[in-house]
Amino acid sequence: MNLKRIAITGAAGQIAYSLLFRLASGDLLGPHQPIALHLLDLPPFEEALKGVRMELEDSVFPLLKEIKIGSQPEALFEGVHYAFLIGAKPRGPGMERKDLLADNGKIFVEQGKALNRSASPDVRVLVVGNPCNTNCLIAMHHAPDLPRNHFHAMTRLDQNRGLFQLAKKANVDLREVTHLAIWGNHSATQVPDFHNAKIHGAPADKKLDRKWLETEFISTIQQRGAAVIAARGKSSAASAAQAALGAMKALLEPTPHGEWFSSAVYSKSNPYGIDENLVFSFPCRSKGRGDFEIVQGLAIDAFLKEKLALTEKELIEERDLVRGLLK
Ligand code: NAX
């Protein structure tokens, strides 16, 4: 079997530390697919990457045939089939959102160009580093030779958080909660769609108190990242790695009939009237092998429509703030 190459940026960071060992053990591509891991971080972290490489080696994963480490995106993205773009600068004290957008945006200009030049043409890209929707828009803009539908930003963790809260409230097994889509931005304006979500196959808003869904449920999901930081002193890491795996895996396997998953994708020609030049989270369905479509024809009730407008507005504002990086 041909080697599949997987790039991970921010590879010395905490999400990567939870992700790499699972990739190496076959959690993404299965127990027969040999892989190479390409680990990218900033120059001061190359030493730390050596340590990560030693640990991967010492884990004796039979599927892991090669490990590359470094800080040059173009060299590290060479021939990669999957790219997890996790590395980004955290928001520092006193830093405004627009500063974070500008700083991190520059990273994704460089990485988009590098993917365009050296990744495999069928590469699938998942942007995790925040603000992930707009970073993804920037990366795809600078990779004009790669199809835009090969780029995703991660809202899978929000979906997973929502599934858990619905199952807990309804007191049902996690597997009984399905069809939960997240719309819009991976931020506090995101819209967890309880109207189309199902519990035991019936609409969640028929099974649970509508007031709870509109208030506590939505705000718990929107604020969950902050709640983890407040409790743990660090942002979500293992759950983010689990979500990143789930997000990429969802693209590779055909979605079971009638179901969907959330992913933030290019909004061109979307069937919901959202601005057509954003990376916006929609319910998606995979045809397998990395190809997907946006699920059409879902009913959006008046409450959710209003929320959708807010998250769309926020993404348009983010795009305006990085206008200079989208030339
Ligand atoms: P860490 O600070 O532990 O690690 C980030 C790593 O990225 C560091 O090692 C840093 O040196 C590296 N890095 C920075 N700039 C880089 C560049 N230009 N090229 C390569 N590497 C670079 O952060 P971690 O907790 O792993 O989080 C990483 C990112 O994920 C953050 O932006 C975070 O906000 C984002 N998240 C996104 C989530 C999502 O659902 N989309 C959820 C989890 C997480 O908050």
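Where is Phe45 found? The loop between S2 and helix H2, with H2 covering residues 46–58, is the place to look for Phe45. Keep in mind that everything shown here is a predicted model.

**View 1. Phe45 sits in the loop between S2 and helix H2 (46–58).** Zoom in on Phe45 and you get a residue that is partly exposed, since its relative accessible area is 39%. For a sense of scale, pick Ala230 as a second point: Phe45 and Ala230 are 185 residues apart along the chain, and their C-alpha atoms are separated by 26 Å.

**View 2. The ligand has a shell of 24 residues around it.** Which residues of that shell are the closest to the ligand? They are Gln14, Ile15, Asp41, Val128 and Asn130. Sorted by class, the shell is made up of 13 nonpolar, ten polar and one charged residues. Both domains take part: domain 1 (4–153) and domain 2 (156–319) each give the shell at least three residues. Two helices are worth picking out as well, because helix H1 (14–24) and helix H4 (97–118) each supply at least two residues of the shell, going by helices taken as DSSP runs.

**View 3. Here are some polar atoms around the ligand, with distances from Gly10, Gln14 and His186.** Start with the backbone. Gln14 puts a backbone N or O atom 2.9 Å from an oxygen atom of the ligand, while Gly10 has a backbone N or O atom 3.4 Å from a ligand nitrogen atom. His186 comes in with its side chain instead: one of its polar side-chain atoms lies 3.3 Å from an oxygen atom of the ligand. How much of the ligand does the protein bury? Taken alone, the ligand exposes 880 Å², and the protein buries 85% of that.

**View 4. Ser187 shares a polar contact with Glu314.** Ser187 belongs to the loop between strand S8 (181–183) and strand S9 (191–193). Is Ser187 buried or exposed? It counts as buried because its relative accessible area is 16%, and the cut-off for buried is under 20%. The side chains of Ser187 and Glu314 are joined by a polar contact of 2.6 Å.

**View 5. An open sheet of three strands runs in the order S7-S10-S11.** The pairing in this sheet is antiparallel. Strand S7 (177–178) and strand S11 (202–203) are the edge strands; each has a single partner strand, so one side of each is left without a neighbour in the sheet. As a rule, strands of a sheet pair through backbone hydrogen bonds, either parallel or antiparallel. Between S7 and strand S10 (residues 198–199) there are two bridges, and Val177 stands opposite Ile199 in S10.

**View 6. Two histidines with positive phi, His179 and His200, lie in loops.** His179 is not a glycine, yet its phi is positive, about 60 degrees. You'll find His179 in the loop between S7 and S8, where it counts as buried because its relative accessibility is 12%. His200 also isn't a glycine, and its phi is positive at about 55 degrees. This residue lies in the loop between S10 and S11. His200 is partly exposed, given a relative accessible area of 47%.

**View 7. Strand S1 (residues 4–9) pairs with strand S2 (residues 35–40).** How do S1 and S2 run? They run parallel, with six bridges joining them. Ala7 stands opposite His38 in S2. S1 is mostly covered, with five of its six residues buried.

**View 8. A cis peptide bond joins Asn130 and Pro131.** Omega for this bond is about -5 degrees. Pro131 lies in the loop between strand S5 (124–127) and helix H5 (132–141). Its partner in the bond, Asn130, has turned up already: Asn130 is one of the closest residues to the ligand.

**View 9. Ala167 is part of helix H6 (residues 156–170).** With a relative accessibility of 4%, Ala167 counts as buried. To put Ala167 in context, try Gly30 as a reference point: the two are 137 residues apart in sequence, and the C-alpha to C-alpha distance is 28 Å.

Conventions. Residues numbered from 1 in each chain as written. Predicted model: local features only at pLDDT ≥ 70, side-chain atom pairs only at ≥ 80, totals over all residues. Heavy atoms only, no water. Pairing = 2+ DSSP bridges. Helix = DSSP H or I, 4+ residues; strand = E, 2+ residues; numbered from the N terminus. Near = heavy atom within 4 Å. Polar contact = N/O pair within 3.5 Å; in protein donor to acceptor, adjacent residues only side chain to side chain. Areas by Shrake-Rupley, 256 points an atom, 1.4 Å probe, with all protein chains shown as cover. Nonpolar A, V, L, I, M, F, W, Y, C, P; charged D, E, K, R; others polar. Domains from an automatic or database assignment. Buried < 20%, exposed > 50% of the residue type's maximum accessible area, 1.4 Å probe, protein only.
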